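Below are some notes on the model, set out as numbered points. They begin with a pocket and the helices around it, then move on to a cavity, some individual residues and the overall figures.

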Amino acid sequence: MTLFHNNPDALLDVLIIGGGPAGMSAALVLGRARRSVLVIDEALPRHRVTKESHGFLTRDGVSPSELRRVAREQIAAYPTVSFVQTAAVEASGEDGNFNVTTTEGKVYRGRKLLFAAGMKDLPMEIDGLKEVYGSSAFVCPYCDGWEMQDRALAIIAGGEFALHLTKTVSGWSSDLALFTNGFSDWEEGVKESIEQRGIPVYESPIRRIESTRGKVRSIVLEDGTEVERTGIFFAPRLAPGTDLPKAMGCETEENGSMIVDEFKKSNIPGIYGAGDGASRMYQVAASVAAGSIAAAMMNSELLESEWQERG
Ligand SMILES: Cc1cc2nc3c(=O)[nH]c(=O)nc-3n(C[C@H](O)[C@H](O)[C@H](O)COP(=O)(O)OP(=O)(O)OC[C@H]3O[C@@H](n4cnc5c(N)ncnc54)[C@H](O)[C@@H]3O)c2cc1C
């Protein structure tokens with residue numbers, strides 16, 4: 001084992017791209033397994049817009065920054081784990097010897113590579129949505145539905161996802177209105193099935209969202225209609241935190257997230273993916289679990305090759 005602190009040119013056991021819940025969970029497990037680890041983290045986690053993170057056992061309601069602070073404090077107990085705050089911009093190599101280059105042109109080497117770079121929000125096209133995002137407009141009912149329960153809620157989504165999101169949010173409020181923002185190409189019967197349940201469907205494009213200090217007041221449509229609402233759940237437009245896995249030949253879903261197996265392995269030997277960037281379950285608990293699984297599997301592969309070398 002070579003310590004990164006002592007020799008920055010060393011071949012480390014694991015390089016982790018991304019230091020959100022998934023990457024830090026992997027770093028913790030690997031640190032406890034006495035592995036040399038470098039976490040390269042731009043430090044722009046997706047949930048930074050929200051004040052409280054919910055649903056992670058023992059940490060319900062904690063702020064994302066506090067979650068991060070405690071994680072970093074606990075990982076600091078393991079001296080073989082280091083962090084650098086920067087972006088990974090290039091990656092190459094193969095199982096046993098990967099290279100990752102950062103924005104500054106610094107190259108780090110690792111035997112295994114874990115991508116835990118999450119997903120990022122693409123710029124919001126609806127005027128006024130950015131101002132309420134994380135305060136009274138959210139994307140995940142499991143994360144923020146409790147706080148929004150029984151409010152007059154707007155669902156902003158089109159296509160197949162509109163029905164799914166409306167059905168899901170109906171568990172938290174019966175006062176719902178669906179805004180498709182211009183989408184009207186429904187499969188037969190879908191729109192009617194929503195309306196039959198007393199949920200109005202507005203297809204006109206949204207002109208803007210009116211709000212006061214982060215609190216939604218109404219949705220104004222291009223056709224002049226204004227609908228009072230006090231909260232929003234919407235379908236975000238997302239892209240992967242990094243395109244490096246794809247550039248290295250990893251298989252990806254249509255939305256760019258990595259395809260990994262139950263052990264978080266990609267199709268490329270030595271490259272793993274964990275968290276939002278390799279899943280459709282966008283939750284802290286799921287990301288932490290994925291990071292932990294990936295760490296155990298990478299450590300297991302490293303132990304196996306070390307075992308063979310000793311024989
Ligand atoms: C508004 C909002 C509210 C949410 N609320 C909750 C909640 O209450 N409960 C819950 O369980 N979940 C919640 N989530 C979801 C939760 O935030 C994510 O599931 C979780 O953060 C995913 O963890 P991750 O480690 O995969 O990615 P992230 O937390 O996004 O972390 C990825 C990290 O990788 C870094 N990175 C990306 N690209 C690079 C690169 N090229 N080089 C270096 N670093 C890079 C990023 O800067 C970031 O620091 C919420 C999400 C949003 C958007």
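1. In this predicted model, the element that gives the most to the lining of the second largest pocket is helix 2, with 8 residues. The pocket holds about 450 Å³ of space. Its lining comes to 24 residues, and those closest to the centre are Met24, Phe56, Leu67, Ala71 and Val288. Two or more lining residues come from each of helix 1, helix 2 and helix 8. By residue class, the lining of the second largest pocket has 13 nonpolar, 8 polar and 3 charged members.

2. Helix 2 covers residues 64-75, which makes 12 residues. At 1.5 Å a residue these should span 16 Å, and the end C-alpha atoms are indeed 16 Å apart, so the expected and modelled spans agree. Buried residues in helix 2 are Pro64, Leu67, Arg68, Val70 and Ile75. Viewed down the helix axis, the buried residues fall within an arc of 165°, so they line one face of helix 2. An α-helix has 3.6 residues a turn, so residues three or four places apart point the same way. Ser65 and Glu73, on the other side of helix 2, are exposed.

3. What do the buried residues of helix 2 pack against? Their partners are helix 1 (21-32), strand 3 (81-84) and helix 8 (284-310). Leu67 is worth a look in the viewer: this residue is among the buried residues of helix 2 and is also one of those closest to the centre of the second largest pocket.

4. Helix 8 has 27 residues, for which 1.5 Å a residue gives an expected span of 39 Å; the end C-alpha atoms are 39 Å apart, which agrees. The buried residues in helix 8 are Val284, Ser287, Ala290, Gly291, Ala294, Ala295, Met298, Asn299 and Leu302. These buried residues pack against helix 1 and helix 2, and also against strand 1 (11-17), strand 6 (107-115) and strand 17 (271-273).

5. Ala296 also belongs to helix 8. With a relative accessible area of 39%, Ala296 is partly exposed, because that value lies between the 20% and 50% cut-offs. Ala296 and Ala26 are 270 residues apart along the chain, yet their C-alpha atoms are separated by 8.1 Å.

6. How many cavities of 30 Å³ or more does a search of the whole structure find? The search finds 1. The largest cavity holds about 80 Å³ of space. It is lined by 14 residues, with Gly118, Thr242, Pro245, Met258 and Gly277 closest to the centre. The lining of the largest cavity consists of 8 nonpolar and 6 polar residues, with no charged ones.

7. Two residues other than glycine have a positive phi and may deserve a check. Arg34 has a phi near 65° and sits in the loop between helix 1 and strand 2 (37-40). Lys264 has a phi of about 75° and sits in the loop between helix 7 (244-247) and strand 17. Is each of these residues buried or exposed? Arg34 counts as exposed, at 62% relative accessibility, because the cut-off for exposed is over 50%. Lys264 counts as buried, at 18% relative accessibility, because buried means under 20%.

8. Glu125 is found in the loop between strand 7 (119-121) and helix 3 (129-132). Its relative accessible area is 63%, so Glu125 is exposed. Glu125 and Pro205 are 80 residues apart in sequence, while their C-alpha atoms are 11 Å apart in space.

9. Finally, the overall figures. The secondary structure of the protein comes to 8 helices and 17 strands. Of its 311 residues, 46% count as buried. Along the principal axes, the C-alpha atoms fill a box of roughly 70 × 40 × 35 Å. Among contacts in the protein with a separation of 6 or more, 58% are between residues 24 or more positions apart. The pair Ala296 and Ala26, 270 residues apart along the chain, and the pair Glu125 and Pro205, 80 residues apart in sequence, can be used to inspect such separations in the viewer.

Technical notes: Residues are numbered from 1 along each chain as its sequence is written. This is a predicted model: local features need pLDDT of at least 70, side-chain atom pairs count only at pLDDT 80 or more; totals for chains, interfaces and linings use all residues. Side-chain values use heavy atoms; hydrogens and water are left out. Helices (H or I, at least four residues) and strands (E, at least two) are DSSP runs, numbered from the N terminus. The expected span of a helix is 1.5 Å times one less than its number of residues. Buried means under 20% relative accessible area, exposed over 50%, partly exposed in between (1.4 Å probe, protein chains only). The arc is that of the directions from the helix axis to the C-beta atoms. Contact means heavy atoms within 4.5 Å. On a 1 Å grid over the protein atoms alone, a cavity is a set of points where a 1.4 Å probe fits but cannot get out, and a pocket is an open set with protein on both sides within 12 Å along at least five of seven lines; lining residues have an atom within 4 Å of a point. Grid points are joined across faces, edges and corners, and a volume is the space filled by probe spheres set on the points. Ala, Val, Leu, Ile, Met, Phe, Trp, Tyr, Cys and Pro count as nonpolar, Asp, Glu, Lys and Arg as charged, and the others, Gly among them, as polar.
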